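Subject: The structure you asked about

Hi there,

Here is the structure, with some notes to read alongside it. I hope they help when you open it up.

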Amino acid sequence: MSLSLHRQLPQDLADIQKIMEGHAREYGLDFIETNFEVVDVEELSMFAAYTGFPVRYPHWRFGAQYDELIKGHSYGLQKIYEMVINTNPCHAYLLDTNGIGDQKLVIAHVYGHCDFFKNNAWFAPTNRKMHDQMANHAARVNRYIDRYGHEAVEEFIDACLSLEDLIDPYSPHIRRRDDATQQPKGKLQESEDEGEEEEVSVGRFSSQHTEYMDRFINPPDVLAKQADERKKKAQALEASRAFPAEPERDVLLFLLEHAPLKPWQHDVLSIIRDEAYYFAPQAQTKIMNEG
């Protein structure tokens, strides 16, 4: 189930929002434009199961999370007061059963989140158009389901989700690769011709002005033996070398670059990785629970 609301606030809550927004600006908060919507407990639980977005790719875990949230509310074990999403504009969902005092507190709380989203360096690289990106991901996965079958796609998504935490959350802030060569920093590239020239020159003695003496100064059989020994050493070194040559913290990126995946599997893994990076900063989506 998925839906897009875009409902206007009731007039009494719209008036409260304007007042709370004014207080927030008076205190110096600088936040992205924020859209508030009032939803019931089922809708809010659904958004929470989808991590705040009305459209996600189909997968059983979202249903399991929804079931857990709705039962927790029904049994009085927890209550979601609000949810705010780090996009531009920010989207905030208010629970319709909150009292006026609760709504005032929640709206003020949301503006604090939005100021943090806009001005905190950790959140600066966030994709602010993630609503559109999530919808695009869902459309792509649904096409693969139609083409390859629900079971095959879901099983592969299960495997990807078991690894979704194995990313490098600091990569948006720390440059670990040379963008021009896509090689780990510090690794030099050399052409095959340069390698061949170096191989020819290694082990030879200079015989300038005495070319007729070259075969005596540089016996071919000796040079061939030395070249063979160097080749064996190089092969032994290559066999003992770790793969990859440089440690790779982003396991999903490593799989995208080296795993023998089918084109649709490669795309699905890239989707899981993109969303994992969006949710990597802790508290990306804040849910206030009463426990």
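Does T51 count as buried, exposed or partly exposed? T51 counts as partly exposed, because its relative accessibility is 26%. Please keep in mind that this is a predicted model, and the values below are computed from it.

T51 is worth a look for its backbone too. This residue sits in the loop between α2 and α3, and its phi is positive, about 60°, although T51 is not a glycine. As background, most residues other than glycine have a negative phi, and most peptide bonds are trans.

The second half of that background has its own exception here. The peptide bond that joins N88 and P89 is cis, with omega about 0°. You will find P89 in the loop between β2 and β3.

Now for the overall picture. The chain has 11 helices and 6 strands, and 36% of its 291 residues count as buried. If you take the contacts between residues at least 6 apart in sequence, 73% of them join residues at least 24 apart.

Let me start with the strands. β3 runs over residues 90-95, and 6 of its 6 residues are buried. In a regular strand the side chains alternate between the two faces of the sheet. In β3 both faces are covered: C90, A92 and L94 are buried on one side, and H91, Y93 and L95 are buried on the other.

β3 has pairing partners in both senses. With β1 (residues 34-39), β3 pairs in the parallel sense over 6 bridges. Two of the residue pairs to look for are N35 with its bridge partner H91 in β3, and E37 with its bridge partner Y93 in β3. β1 is mostly covered as well, with 5 of its 6 residues buried.

With β2, β3 pairs in the antiparallel sense over 4 bridges. Here E82 stands opposite L94 of β3. A hairpin of 4 residues joins β2 to β3, and P89 belongs to the loop between these two strands.

L94 comes up again when you turn to α4 (residues 100-119), the helix that holds Q103. Leaving aside residues up to four places away in sequence, Q103 touches L13, L94, L95 and N98. Q103 counts as buried because its relative accessible area is 3%, and the cut-off for buried is under 20%.

Next, α3. This helix covers residues 60-74, so named by its place in the count from the N terminus. Its 15 residues reach 21 Å from first C-alpha to last, close to the 21 Å expected at 1.5 Å a residue. Which residues of α3 are buried? They are R61, F62, L69, I70 and G72. Seen down the axis of α3, these buried residues fall within an arc of 160°, so they line one face of the helix. In general, an α-helix has 3.6 residues a turn, so residues three or four places apart point the same way.

What covers the buried residues of α3? The cover includes α2 (41-49), β2 (80-85) and α6 (150-161). K71 is also in α3, but K71 counts as partly exposed because its relative accessibility is 39%. The C-alpha atoms of K71 and S45 are separated by 9.8 Å, with the two residues 26 apart along the chain. After α3 comes G76, whose phi is positive, near 75°.

Finally, α6 brings us to a helix pair. Two packed helices are described by the angle between their axes and the distance between the axes. The axes of α5 (residues 130-148) and α6 come within 7 Å and cross at roughly 130°, which makes α5 oblique to α6. On the α5 side, the contact is made by V141, Y144, I145 and Y148. On the α6 side, H150, A152, V153 and I157 take part.

If you only have a few minutes, I would open three views. One is β3 with β1 on the parallel side and β2 on the antiparallel side. Another is the cis bond between N88 and P89. The last is the crossing of α5 and α6.

Best wishes

Notes:
Residues numbered from 1 in each chain as written. Predicted model: local features only at pLDDT ≥ 70, side-chain atom pairs only at ≥ 80, totals over all residues. Heavy atoms only, no water. Expected span 1.5 Å × (residues − 1). Buried < 20%, exposed > 50% of the residue type's maximum accessible area, 1.4 Å probe, protein only. Arc of directions from axis to C-beta. Contact = heavy atoms within 4.5 Å. Pairing = 2+ DSSP bridges. Axes fitted to C-alpha atoms, helices over the stretch in contact; angles between N-to-C directions. Parallel < 35°, antiparallel > 145°, perpendicular 65-115°, else oblique.
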